[in-house]
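Welcome! Here is a short tour for anyone seeing this structure for the first time.

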Amino acid sequence: YNPNSFPMKSNKQYFLHSVFSPGAYMIDLMFTGNLAYLIAINANTRYLFAELLTPRFKFGEDWRYGTHDSVKDTPHFIQALKNLKLQGMEPKVLIGDDEGCFYSKDSRKYYKEEEIEFRKIERIKKGVYPSWMPEVQKNHTEPLHSSLGIIDRVIRTLRDMAYNVHVGVIKKEEMDDIVKMYNNAPHKTLTKYAGEPTSPMQVQNNPDLEKFITRKICQDNYNIKAK
């Protein structure tokens with residue numbers, strides 16, 4: 001029997017956990033209804049930040065949020081990043097895909113001013129066909145999303161949390177509540193390596209605990225490689 005796919009389940013015992021230098025954040029965009037959010041998660045502590053990208057418009061005496069053609073443009077992205085820094089985010093490294101606003105000329109200028117390193121994840125071919133199928137053979141590429149597995153999972157978790165409380169479109173106030181709950185709840189991976197129920201908030205506020213957990217992950221990775 002020659003398998004034509006990688007036996008994922010039987011090889012999960014050999015999966016490694018990612019470890020990063022302190023201050024490394026993964027970023028991505030999340031859309032819900034007519035709202036767009038910039039999501040950032042600390043790659044080690046799993047502490048989560050979320051900032052609305054969609055502009056606010058004033059209707060009468062009430063502020064409302066609405067879609068805008070330039071939601072994903074560089075000025076909105078940079079402003080959202082500045083807002084996250086005001087909330088306590090101190091990024092030294094940003095890891096993201098090739099979203100235009102993440103690596104535009106103005107964004108790179110801002111990174112340089114703030115001494116932030118931006119790392120684009122690698123790309124893979126979208127479809128691979130043999131040479132005798134030229135009509136469908138394409139050289140298009142797409143980001144290797146497994147490199148952003150941590151933030152992909154947390155976005156799914158945010159959607160699940162909203163669904164469980166019967167929220168379809170996550171508004172700003174609701175997103176703030178969900179993020180607060182996420183940051184203060186015990187995290188499975190952190191709890192495993194800390195040896196007791198541990199939340200992202202605890203690790204974010206305790207550099208020694210972050211170092212302890214990253215050392216335990218490195219040790220675990222070493223043992224897995226040896227096995």
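A helix here is a DSSP run of H or I with at least four residues, and helices are numbered from the N terminus. Please keep in mind that this is a predicted model.

Let's begin with helix α1, which covers residues 74–86. Gly88 follows α1 and has a positive phi, near 115 degrees. Helix α7, at residues 207–226, makes a good companion to look at alongside α1. Their lengths are set out below.

| Helix | Residues in helix | C-alpha end to end | Expected at 1.5 Å a residue |
|---|---|---|---|
| α1 (74–86) | 13 residues | 18 Å | 18 Å |
| α7 (207–226) | 20 residues | 29 Å | 28 Å |

Which residues of α1 are buried? They are Thr74, Phe77, Ile78, Ala80, Leu81 and Leu84. These residues share one side of α1, because they cover an arc of only 160 degrees around the axis. They pack against strands β1, β2, β3 and β6, and against helix α2. On the face turned away from that buried side sit the exposed residues Pro75 and Leu86.

In α7, the buried residues are Leu209, Glu210, Ile213, Thr214, Ile217, Asn221 and Ile224. Their arc around the axis is within 130 degrees, so they line one face of α7. Their packing partners are α5 (188–194) and α6 (200–204). Asp208, Arg215, Tyr222 and Ala226 are exposed on the face turned away from the buried side.

One last stop is on the surface. Phe6, Met8 and Phe15 make a nonpolar patch of about 320 Å². Phe15 belongs to the segment before β1 (24–32), and Phe15 counts as partly exposed because its relative accessibility is 38%.

Note on methods. Residues numbered from 1 in each chain as written. Predicted model: local features only at pLDDT ≥ 70, side-chain atom pairs only at ≥ 80, totals over all residues. Heavy atoms only, no water. Patch = residues over 30% accessible without salt bridge, like charges linked within 9 Å, V, L, I, M, F, W, Y side chains within 5 Å. Areas by Shrake-Rupley, 256 points an atom, 1.4 Å probe, with all protein chains shown as cover. Salt bridge = Lys/Arg side-chain N within 4 Å of Asp/Glu carboxyl O. Helix = DSSP H or I, 4+ residues; strand = E, 2+ residues; numbered from the N terminus. Buried < 20%, exposed > 50% of the residue type's maximum accessible area, 1.4 Å probe, protein only. Expected span 1.5 Å × (residues − 1). Arc of directions from axis to C-beta. Contact = heavy atoms within 4.5 Å.
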